[in-house]
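Thanks for coming. I will go through one model today, beginning with a single side chain and then moving to the metals, the cores and the charged pairs.

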Amino acid sequence: MPEQKSNQISRDRLAELLNEDLSREYQAIIAYVVYSQVLSGAEYTDIAAQLEIHAKQELDHALIISRQIDYLGKMPAVVPKPVRTSKSAKDMLRFDLENENETIRNYRDRVRQCDALGEYALAEQIRQILVQEQDHQIDLATALGVDVPDVSGGPKAGRLRKRR
Ligand SMILES: [Fe+2]
Ligand SMILES: [Fe+2]
C-alpha cells in the first residue's frame with residue numbers, strides 16, 4: 001500500500017476540516033461586528049471602518065464554506081470558535097491578527113488538500129477567500145504598526161522555526 005501523504009485525505013475528513021474553517025468564520029464575523037463598533041479614538045477611525053468591511057466579507061466566506069460542506073454531503077457546523085474580548089483597542093486588533101494568521105495557515109492547507117482530492121473548483125473558491133484573508137491580515141498589521149507575519153509552510157512551520 002502506498003504511503004499516505006498528509007495532503008491526501010478523505011472527502012469526509014475534508015468536510016470535517018471545512019467545518020473547523022466555518023467555526024473560524026463565525027468567530028471572525030462576531031469579532032469584527034463587535035470590535036468595529038467598540039474601537040474608539042481618533043487614531044482607530046480608519047481601521048474601525050475597515051473592520052466593518054471585514055465583517056461582511058467573513059459572512060460571505062461562511063456562506064461559501066457552508067455550501068461546500070453541504071456539497072460534500074455533511075451538515076455545516078453552527079458553533080463559532082470562542083471570541084476573546086478586551087477593553088484595549090490594541091488587544092482587539094492583536095486578537096484579530098492572530099485569528100487571521102491561523103485562518104490563512106488553515107486555508108493554505110485546505111487548498112493543497114482540495115487539489116490532492118481533485119476538488120479543483122473547491123480549491124479555487126478557497127483561494128479567492130485566501131486573497132481576502134491576506135488583505136485582512138495586512139490591514140490589521142498596518143493598524144498595529146507591525147510587519148505582516150510570515151505564516152508560510154503550514155501549521156507546523158511556526159513551531160519548527162521557534163526551535164532554532
Ligand atoms: Fe473569512
Ligand atoms: Fe478574515
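Is Phe95 buried or exposed? Phe95 is buried, because its relative accessible area is 15%. The cut-offs, with a 1.4 Å probe and protein chains only, are under 20% relative accessible area for buried, over 50% for exposed, and partly exposed in between.

Before I go on, the conventions. This is a predicted model, in which local features need pLDDT of at least 70, side-chain atom pairs count only at pLDDT 80 or more, and totals for chains, interfaces and linings use all residues. Residues are numbered from 1 along each chain as its sequence is written, chains are lettered from A and ligands numbered from 1 in the order in which they are written, and side-chain values use heavy atoms, with hydrogens and water left out.

Back to Phe95. Its place is in helix α3; helices here are DSSP runs of H or I with at least four residues, numbered from the N terminus. Leaving aside residues up to four places away in sequence, Phe95 touches Tyr35, Arg84, Thr85 and Ser86, where contact means heavy atoms within 4.5 Å. Phe95 and Leu140 are 45 residues apart in sequence, and their C-alpha atoms are 9.8 Å apart in space.

Next, the metals. Which residues coordinate the iron ion (ligand 1)? They are Glu25, through two OE entries, Glu58 (OE), His61 (ND1) and Glu133 (OE), at 1.9 to 2.5 Å. A donor is an N, O or S atom within 2.8 Å of the metal (3.2 Å for Na, K and Ca), and water is not among the atoms, so sites may look incomplete. Along the chain, the donors of ligand 1 follow the spacing E-x32-E-x2-H-x71-E. His61 lies in helix α2 and Glu133 in helix α4 (residues 120-144), so this pair ties together parts that are 72 residues apart in sequence. His61 and Glu133 are buried.

The iron ion (ligand 2) has as its protein donors Glu58 (OE), Glu100 with two OE entries, Glu133 (OE) and His136 (ND1), lying 2.0 to 2.5 Å from it. Here the spacing reads E-x41-E-x32-E-x2-H. Glu58, in helix α2, and His136, in helix α4, tie together parts that are 78 residues apart in sequence. Glu58 counts as buried because its relative accessibility is 1%, and His136 is buried with a relative accessible area of 1%. How far apart are the two iron ions? The separation is 4.0 Å, and Glu58 coordinates both.

On to helix α2 itself, residues 45-71. Helix α2 has 27 residues and reaches 40 Å from its first C-alpha to its last, close to the 39 Å expected at 1.5 Å a residue; the expected span is 1.5 Å times one less than the number of residues. Just after α2, Gly73 takes a positive phi of about 85 degrees.

Now the packing. A nonpolar core is a set of buried Ala, Val, Leu, Ile, Met, Phe, Trp, Tyr and Cys residues joined through side-chain atoms within 4.5 Å. The largest has 21 residues, and those with the most contacts inside it are Leu14, Leu18, Ile65, Leu122 and Ile126. Helices α1 (11-38), α2, α3 (89-116) and α4 each supply at least two of its residues. The largest share, six residues, comes from α1. Ile65 touches Leu18, Leu22, Tyr107 and Ile129, not counting residues up to four places away in sequence. A second, separate core of 17 residues includes Ala28, Leu39, Tyr44 and Leu97.

Last, the charged pairs. How many salt bridges does a search of the whole structure find? The search finds 11, each being a side-chain nitrogen of Lys or Arg within 4 Å of a carboxyl oxygen of Asp or Glu. Asp12 pairs with Lys74, with the closest N and O atoms 3.6 Å apart. Asp12 lies in helix α1 and Lys74 in the loop between α2 and α3, so the pair ties together parts that are 62 residues apart in sequence. Asp12 is partly exposed at 44% relative accessibility, and Lys74 is partly exposed at 35%.

Within helix α3, Arg94 forms a salt bridge with Asp91, closest N and O atoms 2.6 Å apart. These two are separated by about one helical turn because they are three residues apart in the helix. Arg105 and Glu102 meet in another salt bridge, at 2.8 Å from N to O. Finally, Asp21, Arg24 and Arg110 are linked in a network of salt bridges.
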